[in-house]
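Reader: I would like a close look at one hairpin and at what surrounds it. Start from a single pair of residues and work outward. Keep it brisk, please.

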Amino acid sequence: MYAMPYLTLSDRTRKLLLSLAVIVAFPAASTLPHDIASAAVSEYSIVSQPFSINGTSSHIGTINKNGSTYIALQNIDAALGLTTRYDPSSRLVQVTGHNRSLRIGLSTGAMSLNGQPISGPDPVFQNGTTYLPLRFLAERFGYEVTYDKRSQQIGLQSLSEI
């Protein structure tokens with residue numbers, strides 16, 4: 001007779017949460033293009049990443065996808081002087097600041113910067129939050145991005161524009 005192994009509460013909770021996440025994400029993901037839909041149901045670990053933003057040190061939660069650092073728009077807005085808005089009826093995310101406007105169509109994957117179409121990476125959707133690659137976002141809003149291997153600190157410094 002085969003005995004089923006005992007699951008700890010944390011194992012049960014993890015399996016339940018993963019099942020619920022798939023169930024909740026499936027209806028929304030089914031309306032997205034394939035590449036975006038696959039990102040919608042992925043689960044990435046959030047890590048506390050050391051940052052220096054215009055000389056001020058902090059830690060911000062990021063995720064890693066294929067070697068790229070992705071950041072939640074809501075986590076970086078205040079530090080970079082940006083504002084993010086989401087329109088659920090059009091499924092449009094708009095990030096504004098520094099005389100720039102980045103629009104991301106969540107249903108289509110289309111992006112524009114100041115009204116001009118641009119190519120960009122697929123966003124990651126996790127727990128109701130939109131993540132974009134940090135370098136992609138920061139450089140479009142006038143920031144230089146650096147990385148110190150020794151301290152593993154990401155640096156963001158606003159560029160003076162001529």
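Author: Start with one pair: Tyr-147 stands opposite Ile-154 in β12. Keep in mind that this is a predicted model. The two strands here are β11 (143–148) and β12 (153–158). β11 and β12 run antiparallel and are joined by 6 bridges. They form a hairpin with 4 residues between them. One residue of that turn is Gln-152, which has a positive phi of about 60°.

Stay with Gln-152 for a moment. Its backbone oxygen lies 2.5 Å from a polar atom of the side chain of Gln-49. That takes us to another strand. Gln-49 lies in β1, which spans residues 47–53. Gln-49 counts as buried because its relative accessible area is 12%, and the cut-off is under 20%.

Now list what surrounds Gln-49. Neighbours up to four places away in sequence are set aside. On the hairpin side, Gln-49 touches Tyr-147, Gln-152, Gln-153 and Ile-154, among others. So the opening pair turns up again, since Tyr-147 and Ile-154 are both among the contacts of Gln-49. The other contacts of Gln-49 include Ser-58, His-59, Ile-60 and Thr-62.

Next, the core. The largest nonpolar core has 26 residues. Phe-51, Ile-76, Val-95, Leu-102, Leu-137 and Leu-156 touch the most other members. Both hairpin strands take part: β11 and β12 each supply at least two residues, and so does β1. At least two residues each also come from α3, β5, β6 (100–105), β7 (111–113) and α4. Helix α4 gives the most, with 4 residues. As a general point, nonpolar side chains in soluble globular proteins tend to be buried together.

A second core lies apart from this one. It has 6 residues, among them Tyr-44, Ile-63, Ala-72 and Tyr-131. Tyr-44 also has a polar link. Its backbone nitrogen lies 2.6 Å from a polar atom of the side chain of Gln-126. Gln-126 lies in strand β9, residues 124–126, and is buried, with a relative accessible area of 4%. The C-alpha atoms of Gln-126 and Glu-43 are separated by 6.9 Å, although the two residues are 83 apart along the chain.

Back to the largest core, and to its helices. Helix α3 covers residues 73–80. Leu-73, Ile-76, Asp-77 and Leu-80 are buried there. These four lie on the same side of α3, because they cover an arc of only 125° around the axis. Gln-74 and Ala-78, on the other side, are exposed. The general rule for such a pattern is that an α-helix has 3.6 residues a turn, so residues three or four places apart point the same way. Just after α3, Gly-81 takes a positive phi of about 75°.

Helix α4 spans residues 134–140. Arg-135 and Glu-139 both lie in it, 4 residues apart, about one turn of the helix. Their side chains meet in a salt bridge at 3.1 Å, N to O. A search of the whole structure finds 1 salt bridge. Both partners are partly exposed: Arg-135 has a relative accessible area of 42%, and Glu-139 has 40%.

Leu-102 shows how core members meet. Leaving aside neighbours within four places in sequence, Leu-102 contacts Leu-132, Phe-136, Leu-137 and Phe-141, among others. Its contacts also include Val-93, Gln-94, Val-95, Ser-112, Leu-113 and Ile-118. Ser-112 lies in β7 and is buried at 13% relative accessibility. Ser-112 in turn touches Ser-101, Leu-102, Arg-103, Pro-117 and Ile-118, with residues up to four places away not counted.

Another hairpin makes a useful companion. Strands β4 (residues 83–87) and β5 (residues 92–97) pair in the antiparallel sense over 5 bridges. Tyr-86 has Val-93 of β5 as its bridge partner. The β4–β5 hairpin has 4 residues between its strands, and Arg-91 in the turn has a positive phi of about 55°.

Finally, the whole chain. It has 4 helices and 12 strands. Of its 162 residues, 36% are buried. Among contacts with a separation of 6 or more, 41% join residues 24 or more positions apart.

How values were computed:
Residues numbered from 1 in each chain as written. Predicted model: local features only at pLDDT ≥ 70, side-chain atom pairs only at ≥ 80, totals over all residues. Heavy atoms only, no water. Buried < 20%, exposed > 50% of the residue type's maximum accessible area, 1.4 Å probe, protein only. Arc of directions from axis to C-beta. Salt bridge = Lys/Arg side-chain N within 4 Å of Asp/Glu carboxyl O. Pairing = 2+ DSSP bridges. Polar contact = N/O pair within 3.5 Å; in protein donor to acceptor, adjacent residues only side chain to side chain. Contact = heavy atoms within 4.5 Å. Core = buried A, V, L, I, M, F, W, Y, C linked by side-chain atoms within 4.5 Å.
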